[in-house]
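Hello,

Here is the structure I said I would pass on. My notes on what turned up in it follow below.

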Amino acid sequence: MAKKRVLITGGAGFLGSHLCDRFLKEGCHVIAMDNLITGSLENIQHLFHREDFEYYNHDVSKFVHVPGDLDYIMHFASPASPIDYLKMPIQTLKVGSLGTHNLLGLAKAKGARMLIASTSEVYGDPLVHPQTEDYWGNVNPVGPRGVYDEAKRFQEAMTMAYHTFHGVETRIVRIFNTYGPRMRLDDGRVLPAFIGQALRGEDLTAFGDGSQTRSFCYVDDLVEGIYRLLLSDCADPVNIGNPDEITINQFAEEILKLTGSKSKIIYKPLPTDDPKQRQPNITKAKEVLGWSPKFSRSEGLKPTLEYFKDKVK
């Protein structure tokens, strides 16, 4: 990978910044692009002194120009938590549609391979469990979550169209719940919400009766899976996530124990179309990429908790 040039959109975000770190470590020249509507320069400030790193403040739903050669494009720009995409529904749809179109055009022009960040949300509130890549999903296109779910579904369709019609080399990763340092405390997802509440001594807010499930993957495992997928020959979607499933109630108890908090768990109504179950089937990732997660939740939560302790201060 030495001296390969890589464009990472959403490069100042949680996942994008970790990808910047990884590709720099692999000897690449990294170009991060982010308009900072949910990303933060704090996530990449440790990279600005490097000659092999560039940053552009740009909205990819507008025309994208990058001078020079490009070997790889990683499209990770998008609001990714319910609190963000409910607040910015139009931007979410545009970055998944216009942004993807612009970047696929760039990939075609540069002869670059492009990997898109899709999501387990393409499965909606699944009727199949665990979710395999050949499941088409159960999505409400006009519900509040539809702006994200359908943006990602369209993104996959557009990517596959460029692959089959124009011969662009493309890769599609379907990302399941991921956590680690650089997540935003206020991003509305269950892990930062619970840890933030526990550290501040507030009650933990669970939705519904807390029996819904999630499967949490540590960010280093996810980045390894994405890296392997990019370098593979697989153009079909691949689930990357940790199949260790847990209920929200069990997870809340874990966080209380981890933080030593005496907070209580309180319950609020379940949001519209909130998935009841989330668990990736990762058979394909194991077979095609030789990938499976290495970090247990207890191992991944330790550095995550330390990161959030600093943020709460």
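**What was found**

Of the 313 residues of the protein, 53% count as buried. Please keep in mind that this is a predicted model.

Overall build. The protein has nine helices and 13 strands. Its radius of gyration is 19 Å, close to the 20 Å that the globule rule gives for 313 residues, so the protein is as compact as a globular protein of that length. Along the principal axes, the C-alpha atoms fill a box of roughly 55 × 45 × 40 Å. Among contacts in the protein with a separation of 6 or more, 80% are between residues 24 or more positions apart.

Surface and charge. The accessible surface is about 13500 Å², and carbon and sulfur atoms account for 53% of that surface. The protein carries 37 positive and 39 negative charges, and the mean positions of the two sets are 2 Å apart.

Helix 6. This helix covers residues 219-230. At 1.5 Å a residue, its 12 residues should span 16 Å, and the end C-alpha atoms are indeed 16 Å apart, so the expected and modelled spans agree. Is helix 6 enclosed by the rest of the structure or open? Nine of its 12 residues are buried, so helix 6 is largely enclosed. The buried residues are V219, D221, L222, V223, G225, I226, Y227, L229 and L230.

Backbone points to check by eye. Most residues other than glycine have a negative phi, and most peptide bonds are trans. Three places in this model depart from that pattern:

- H129 and P130 are joined by a cis peptide bond, with omega at about -10°. P130 sits in the loop between strand 5 (113-119) and helix 4 (146-166).
- K3, which is not a glycine, has a positive phi of about 65°. K3 is found in the segment before strand 1 (5-9). With a relative accessible area of 69%, over the 50% cut-off, K3 is exposed.
- R182 is not a glycine either, and its phi is positive at about 85°. R182 lies in the loop between strand 7 (178-179) and helix 5 (190-200). Its relative accessibility is 17%, which is under the 20% cut-off, so R182 counts as buried.

The two residues with positive phi therefore fall on opposite sides of the burial scale: K3 is exposed, whereas R182 is buried.

Regards

Note on methods:
Residues are numbered from 1 along each chain as its sequence is written. This is a predicted model: local features need pLDDT of at least 70, side-chain atom pairs count only at pLDDT 80 or more; totals for chains, interfaces and linings use all residues. Side-chain values use heavy atoms; hydrogens and water are left out. Helices (H or I, at least four residues) and strands (E, at least two) are DSSP runs, numbered from the N terminus. The radius of gyration is taken over C-alpha atoms; the globule rule is 2.2 Å times the number of residues to the power 0.38. Buried means under 20% relative accessible area, exposed over 50%, partly exposed in between (1.4 Å probe, protein chains only). Contact means heavy atoms within 4.5 Å. Accessible areas come from the Shrake-Rupley method with a 1.4 Å probe; for residues, only the protein chains shown count as cover. Lys and Arg count as positive and Asp and Glu as negative; His and the chain ends are not counted. The place of a charge is taken as NZ of Lys, CZ of Arg, CG of Asp or CD of Glu. The expected span of a helix is 1.5 Å times one less than its number of residues.
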